[in-house]
Amino acid sequence: MTVTLLTPDGLPSTPTHSQVAVATGTRTVYIAGQVSIDADGTTVGASDLVAQVEQVHRNVLTALAGAGATFDDVVKLTLYMVDLRPETLGPAVETLMRVRAELGLTATPPLTGIGVSALASPDYLLEVEAVAVLP
């Protein structure tokens, strides 16, 4: 494995992500922001956060596979969420963790969550970018 995930003493431990990813390898994979559209370009789950979290993760997994990578190779995720507020954070995290478990994703790479006022379509609630490192 080219990625070691850890949370050093003195930093908070969270179920959603590790605080540090140490990567060794020779190829870096950058995944463009993935939104809740299928291969035909149809929006999946307009206004449905659960459906969008699932579709976005499926898109990230598909993009990674196209580069010969898996979720275990991811060293950084950036999540952009429309109208992210303290009161919506808890349900969003619960949804994220449930969908990851359903998809069998156990890696917890570092994650930055950013609240935005809008994405490219008013139907999109979430967009995720990923960076992976391969041997």
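Reader: Is the crossing of helix 1 and helix 2 left-handed or right-handed?
Author: The crossing of helix 1 and helix 2 is right-handed, in the sense that the near helix is turned clockwise from the far one by less than a right angle, whereas an anticlockwise turn would count as left-handed. Helices here are DSSP runs of H or I with at least four residues, strands are runs of E with at least two, and both are numbered from the N terminus.

Reader: What kind of model is this, and how are residues numbered?
Author: This is a predicted model, in which local features need pLDDT of at least 70 and side-chain atom pairs count only at pLDDT 80 or more, while totals for chains, interfaces and linings use all residues. Residues are numbered from 1 along each chain as its sequence is written, and side-chain values use heavy atoms, with hydrogens and water left out.

Reader: Back to the helices: at what angle do their axes cross?
Author: The axes of helix 1 (residues 49-66) and helix 2 (residues 86-102) cross at roughly 45 degrees and come within 10 Å, with axes fitted to C-alpha atoms, for helices over the stretch in contact, and angles running from 0 to 180 degrees between N-to-C directions. The two helices are therefore oblique to each other, since angles under 35 degrees count as roughly parallel, over 145 as roughly antiparallel, 65 to 115 as roughly perpendicular and the rest as oblique.

Reader: Which residues meet there?
Author: From helix 1, Leu49, Val50, Val53, Glu54 and His57 meet Ala92, Thr95, Leu96, Arg98, Val99 and Arg100 of helix 2, where contact means heavy atoms within 4.5 Å.

Reader: Switching to the sheet, what is the strand order?
Author: The order is 3-6-4-5 in an open sheet of 4 strands with mixed pairing, two strands being paired if DSSP finds at least two bridges between them. Strand 3 (27-34) and strand 5 are the edge strands, each pairing on one side only, and the twist from one strand to the next averages 10 degrees.

Reader: And which partners does strand 4 have?
Author: Strand 4 pairs with strand 6 (residues 126-134) in the antiparallel sense over 7 bridges, and with strand 5 (residues 111-116) in the parallel sense over 6 bridges. Towards strand 6, Met81 has Leu126 as its bridge partner and Leu79 stands opposite Val128, while in strand 5 the bridge partner of Tyr80 is Ile114. From strand 4 the chain crosses through helix 2 to strand 5 in a right-handed β-α-β crossover, meaning that, with the strands pointing away from the viewer, the path from the first strand over the helix to the second runs clockwise.

Reader: Why is strand 4 largely enclosed?
Author: Strand 4 (residues 74-82) is largely enclosed by the rest of the structure because 7 of its 9 residues are buried, which means under 20% relative accessible area, with exposed over 50% and partly exposed in between (1.4 Å probe, protein chains only).

Reader: Where does helix 1 sit, and what does Val60 touch?
Author: Helix 1 lies across strand 3, strand 4 and strand 6, running at about 25 degrees to strand 6. Val60, in helix 1, is buried at 3% relative accessible area, and touches Gln34, Val128 and Ala130, not counting residues up to four places away in sequence. The C-alpha atoms of Val60 and Gln34 are separated by 6.4 Å, although the two are 26 residues apart along the chain.

Reader: Last one: what is phi at Ser47 and Asp83?
Author: Phi is near 65 degrees for Ser47, a positive value in a residue other than glycine, and about 60 degrees for Asp83, also not a glycine. Ser47 is in the loop between strand 3 and helix 1 and is exposed at 65% relative accessibility, whereas Asp83 is in the loop between strand 4 and helix 2 and is partly exposed at 44%.
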